[in-house]
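User: Can you walk me through this one? I'd like the overall picture and then some detail.

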Amino acid sequence: MNPFDALVRHFADLRDGTHGTATDRAGKETLFAAAVRHLDPVAAGVLEEVNRHLLLGTGEIAATGLRSDPGGLIAQWTVSWPEQRATGLPPLALIAHYGQGFHHPHLRGVTVKDWPFNVFSAEDAATQAPTLFQRDFRIVPVTARGRSEIHS
């Protein structure tokens, strides 16, 4: 699935109050738990690449597994390293969370603050697409379409 199809499905779920096949909190939590299990090897692999290529093997990778906290359900995968820990910055992290007031789960990453903007060509610019969409889903016209129109 390309990122735009996933985003359109996300909008449809928001509009319809669903998440996958689930319509209630319990069903959505069951799907979230399965998603965390599916994501675990992917997240660990991404952080291992960061450790190998950027941290030169000095990083420590950790995963919390699925856990409950006062805000809802959460799972985190992190990589930390000596220089980062010495500064007090948080580790790099991938965080899957399903907040109490949320319609469905979300995934976010934590970096060392801003990401470099190394764009020197149209090809470079195209790789920035995932970082450009940071607004409320209701501003996207496709959210007004019905589920059958979106998935056709």
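Analyst: What follows goes from the whole chain to one core and one residue.

Analyst: This is a predicted model, in which local features need pLDDT of at least 70 and side-chain atom pairs count only at pLDDT 80 or more, while totals for chains, interfaces and linings use all residues. Residues are numbered from 1 along each chain as its sequence is written, and side-chain values use heavy atoms, with hydrogens and water left out.

User: What's the average pLDDT of the protein?

Analyst: The average is 82, and 78% of the residues score at least 70; pLDDT is the predictor's confidence in each residue, from 0 to 100.

User: Where is confidence lowest, and where highest?

Analyst: Helix 6 (residues 147–150) has the lowest mean, 52, and strand 1 (residues 60–63) the highest, 97.

User: How many helices and strands?

Analyst: There are 6 helices and 5 strands, in the order α-α-β-β-β-α-β-β-α-α-α from the N terminus. Both are DSSP runs numbered from the N terminus: helices are H or I with at least four residues, strands E with at least two.

User: What share of the residues is buried?

Analyst: Buried residues are 28% of the 152 in the protein. Buried means under 20% relative accessible area, exposed over 50%, and partly exposed in between, with a 1.4 Å probe and protein chains only.

User: Now the largest nonpolar core. Which residues have the most contacts inside it?

Analyst: Phe32, Val36, Trp77 and Val79, in a core of 14 residues. Helix 2 (25–53), strand 3 (72–80) and strand 4 (92–99) each supply at least two residues, and helix 2 gives the most, with 5. A nonpolar core here is a set of buried Ala, Val, Leu, Ile, Met, Phe, Trp, Tyr and Cys residues joined through side-chain atoms within 4.5 Å.

User: What does Phe32 contact, leaving aside its neighbours within four places in sequence?

Analyst: Leu66, Leu73, Ile74, Ala96, His97, Tyr98 and Pro105. Contact means heavy atoms within 4.5 Å.

User: On to strand 4. How many of its residues are buried?

Analyst: In strand 4, 7 of its 8 residues are buried.

User: And how does strand 4 pair with strand 3 and strand 5?

Analyst: Strand 3 and strand 4 pair in the antiparallel sense over 8 bridges, with Ile74 bridged to His97. Strand 4 also pairs with strand 5 (residues 106–110), antiparallel over 5 bridges. Two strands count as paired if DSSP finds at least two bridges between them. In strand 5, Arg108 is the bridge partner of Ile95, and Val110 that of Ala93.

User: How many residues sit between strand 4 and strand 5 in the hairpin?

Analyst: The hairpin has 6 residues between the two strands.

User: Why does His97 count as buried?

Analyst: His97 counts as buried because its relative accessibility is 14%.

User: What polar contact does the His97 side chain make?

Analyst: One with the side chain of Arg108, at 3.1 Å. A polar contact is a pair of N or O atoms within 3.5 Å; within protein, one must be able to donate a hydrogen and the other to accept it, and residues adjacent in sequence count only if both atoms are side-chain atoms. Not counting residues up to four places away in sequence, His97 touches Phe32, Leu73, Ile74, Phe102, Pro105, His106 and Arg108.
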